Amino acid sequence: MTATSAPRRRATPPARRRSAGQGRQARAAWLLSLPFLLLFVVFMAWPVIQSVFLAFTDATRRDLRTPFAVDFVALENFVQALGDERFRKAAANTFYFVLVGLPLTLIVALAAAVALDKGIGRLRGFFRLGFYAPVITSIVAVAVVWRFLLHPQYGLVNEVLSWVGIAGPNWLGSTTWAMHSLIAMAVWRNFGTAMIIFLAGLQGVPASLQEAAALDGANAWQRFWSITLPQLRPTILFISVTTMIGYLQFFEEPFVMTDRGGPLDSTLSASLFTYEQFSFGNYGYAAAISYLIFVVIAAVTVLQFRLLRERD
């Protein structure tokens with residue numbers, strides 16, 4: 001009698017094994033990311049969805065106990081904001097802050113970066129730390145210090161001006177000088193970040209291009225304008241976008257330095273106006289203003305990408 005041989009097991013195709021392995025990896029990945037996803041949905045996604053819903057309702061402080069009893073008002077909050085004279089004043093102040101502060105920040109930061117890259121040999125690390133120190137300092141602490149520096153009677157700025165016979169103005173109490181004082185403080189505090197990024201960009205400019213231009217007779221300014229600056233276009237774009245987003249949301253400066261946007265709302269910002277509306281309990285109106293600011297930031301960012309993007 002011959003023993004019958006056991007049936008041979010069919011080998012699993014390699015493609016099926018790979019598919020099963022990828023499925024197990026995908027399930028493991030989702031399982032490991034589940035805590036983050038839960039936290040993101042509960043504390044990020046859901047509040048954003050709720051804020052969008054609030055922007056189209058008449059929700060106020062009185063509706064906290066009955067949040068589902070609010071009325072849907074469609075675009076009424078947005079129309080009210082665009083017709084609010086005080087909000088238009090805050091928006092104009094914010095745009096002025098950006099239009100003046102952003103170019104100044106870029107110019108000062110680029111000048112400091114060029115000086116540190118080429119002009120300053122000794123103590124370069126000391127100057128880098130000194131220029132960057134305001135960035136890592138609390139904005140509230142910086143604003144308080146500047147408020148004392150700009151005090152009309154006891155401030156250091158007016159004291160120094162008096163040494164040369166100049167009577168300094170009431171910097172933070174004047175509708176003419178208050179906004180410019182905030183811009184000066186913002187530029188002083190923020191140019192350190194842009195300077196560090198510009199330094200990285202300058203070190204990426206090929207030295208061979210500079211040498212070739214010098215051999216052709218180009219002076220230092222011509223080399224900077226025709227070679228260095230075009231090579232820094234991506235760096236300028238990044239710094240411009242990030243700085244602009246921060247400046248469009250400036251809040252702490254007027255809140256601390258000018259007593260919430262004074263004098264006569266000359267330093268009132270759009271973010272500070274939104275904060276006030278939340279404080280007053282106008283939640284739907286405040287949410288609508290927040291999304292108006294978001295739309296403006298997105299539009300200006302797209303415009304900057306179109307203007308500063310690299311061209312063939």
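Q: How many helices and how many strands does the secondary structure of the protein come to?
A: This is a predicted model. From the N terminus on, each element in the run is an α. The tally is 13 helices and zero strands.

Q: What radius of gyration does the protein have, against that of a compact globule of 312 residues?
A: Start with the spans of the C-alpha trace along its principal axes, about 125 × 75 × 35 Å. A compact globule of 312 residues would come out near 20 Å. The protein instead has a radius of gyration of 28 Å.

Q: What share of the 312 residues in the protein is buried?
A: Buried means under 20% relative accessible area. The protein exposes about 20000 Å², and carbon and sulfur atoms supply 66% of that area. Buried residues make up 34% of the 312.

Q: What percentage of the contacts with a separation of 6 or more is made by residues 24 or more positions apart?
A: The base is the set of contacts in the protein with a separation of 6 or more. Out of that set, the pairs in question lie 24 or more positions apart. Their share is 67%.

Q: How far apart are the mean positions of the positive and negative charges of the protein?
A: The protein carries 26 positive and 17 negative charges. Each group has its own mean position, and the separation between the two is 20 Å.

Q: Is T301 buried or exposed?
A: T301 lies in helix α13, residues 283-308. Its relative accessible area is 15%. The cut-off for burial is under 20%, so T301 is buried.

Q: Which residues is T301 in contact with, leaving aside its neighbours within four places in sequence?
A: T301 belongs to helix α13. With the neighbours within four places set aside, three names remain. They are V241, M244 and I245.

Q: What separates the C-alpha atoms of V100 and T274?
A: V100 sits in helix α3, residues 85-119. At 25% relative accessible area, V100 is partly exposed. T274 is 174 residues away from V100 along the chain. Between their C-alpha atoms the separation is 22 Å.

Q: Which residue does D265 meet in a salt bridge at 3.0 Å?
A: The count for the model is two salt bridges. In this one, D265 belongs to the loop between α11 (252-257) and α12 (270-280), and its partner to helix α3, 179 residues apart. D265 is partly exposed at 23% relative accessibility. The partner, N to O, is R86.

Q: What N to O distance goes with the salt bridge of E276 and R86?
A: The side chains of E276 and R86 meet in a salt bridge. E276 lies in helix α12 and R86 in helix α3, so the pair ties together parts that are 190 residues apart in sequence. The N to O distance is 2.8 Å.

Q: Why does E276 count as buried, and why is R86 partly exposed?
A: Buried requires under 20% relative accessible area, while partly exposed runs from there to 50%. R86 has 28%, so R86 is partly exposed. E276 counts as buried because its relative accessibility is 9%.

Q: Which residues are joined into one network by salt bridges that share partners?
A: One salt bridge pairs R86 with D265. Another pairs E276 with R86. Shared partners make one network of R86, D265 and E276.

Q: Which two residues does a cis peptide bond join?
A: P263 is placed in the loop between α11 and α12. The cis bond has an omega of about -10 degrees. The residues joined are G262 and P263.

Q: What is the phi of D259?
A: D259 is placed in the loop between α11 and α12. D259 is exposed, with a relative accessible area of 60%. D259 is not a glycine, yet its phi is positive, at about 55 degrees.

Q: What is the phi of D265?
A: D265 also has its place in the loop between α11 and α12. D265 is partly exposed, with a relative accessible area of 23%. Although D265 is not a glycine, its phi is positive, at about 60 degrees.

Technical notes:
Residues are numbered from 1 along each chain as its sequence is written. This is a predicted model: local features need pLDDT of at least 70, side-chain atom pairs count only at pLDDT 80 or more; totals for chains, interfaces and linings use all residues. Side-chain values use heavy atoms; hydrogens and water are left out. Helices (H or I, at least four residues) and strands (E, at least two) are DSSP runs, numbered from the N terminus. The radius of gyration is taken over C-alpha atoms; the globule rule is 2.2 Å times the number of residues to the power 0.38. Buried means under 20% relative accessible area, exposed over 50%, partly exposed in between (1.4 Å probe, protein chains only). Contact means heavy atoms within 4.5 Å. Accessible areas come from the Shrake-Rupley method with a 1.4 Å probe; for residues, only the protein chains shown count as cover. Lys and Arg count as positive and Asp and Glu as negative; His and the chain ends are not counted. The place of a charge is taken as NZ of Lys, CZ of Arg, CG of Asp or CD of Glu. A salt bridge is a side-chain nitrogen of Lys or Arg within 4 Å of a carboxyl oxygen of Asp or Glu.
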